[in-house]
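Got the viewer open? Let's take a short walk through this one, selecting as we go.

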Amino acid sequence: MKKTLITLAIGLGLASNASAANTGSINFHGHIDSGTCPIVIIDPSTGLPMSRVNMGNVNASQFKTTGDEAGSRAFGMRITPGGGCTVTAGTANVTFTGGYGGAGTGGALYALAPDGAKNLALTIKDDTGTPVANGTPSKDYEVDDTTETTMIFSAAYKSTDNDVIGGAANTDVQFLVEIP
């Protein structure tokens, strides 16, 4: 009985769409992993997966001089052995690469998307508060071969000039995890 009702509801929905003849679009978002171990980005306070790190709203007045930071947010990268993911106990590290290139002195920061906030970039730090430069491996994190390992990082906005100008402050950062 339930199958019949579900089929009928779908059939009615299709019939109403056909008579309305409206157009629209569907946005698809996803990621294809090329390695054998998927890395899940998580909120460290809840342990739940998240699709993006929400940096929130930060006022430009918080950046008084070059190098000031604001809006720090923690995130974790979880590796779970099993299901085709084979991990040897040891250490892993992460190399982050800015999708819009580097920013700041020597390009060590992660540039924001163009046409947004000015004189601002993103910094990523490991769990000890040490910055992880754009394109450079992080410190080594201990990984377990039988249970999940979460590597903790944080991200913050960092001024690259004394005069930060407000606007959208988004960026994309790719990562490569070297797992033993």
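Which side chain of opposite charge is nearest to Asp126, and how far away is it? This is a predicted model, where local features need pLDDT of at least 70, side-chain atom pairs count only at pLDDT 80 or more, and totals for chains, interfaces and linings use all residues. Residues are numbered from 1 along each chain as its sequence is written, and side-chain values use heavy atoms, with hydrogens and water left out.

Select Asp126, in strand 6 (residues 120-126); strands are DSSP E runs of at least two residues, numbered from the N terminus. The answer is Lys139, 5.4 Å away. Asp126 is buried (under 20% relative accessible area, 1.4 Å probe, protein chains only) and has no salt bridge, which would take a side-chain nitrogen of Lys or Arg within 4 Å of a carboxyl oxygen of Asp or Glu.

Now add Thr128: its side chain makes a 2.6 Å polar contact with that of Asp126 (N or O atoms within 3.5 Å, one able to donate a hydrogen and the other to accept it; residues adjacent in sequence count only if both atoms are side-chain atoms).

Step back to the loop between strand 5 (109-111) and strand 6, and pick Asp115. Its phi is positive, about 65 degrees, although it is not a glycine. Asp115 is exposed, at 77% relative accessibility (the cut-off is over 50%). Asn119 lies in the loop between strand 5 and strand 6 too, with phi near 65 degrees, but is partly exposed at 28%.

Last stop: the open three-stranded sheet, order 7-3-9, with antiparallel pairing (at least two DSSP bridges per pair). Six bridges join strand 3 (residues 90-98) to strand 9; select Thr97 and its bridge partner Gln174.

Key: Helix = DSSP H or I, 4+ residues; strand = E, 2+ residues; numbered from the N terminus. Lys, Arg positive; Asp, Glu negative; His and termini not counted.
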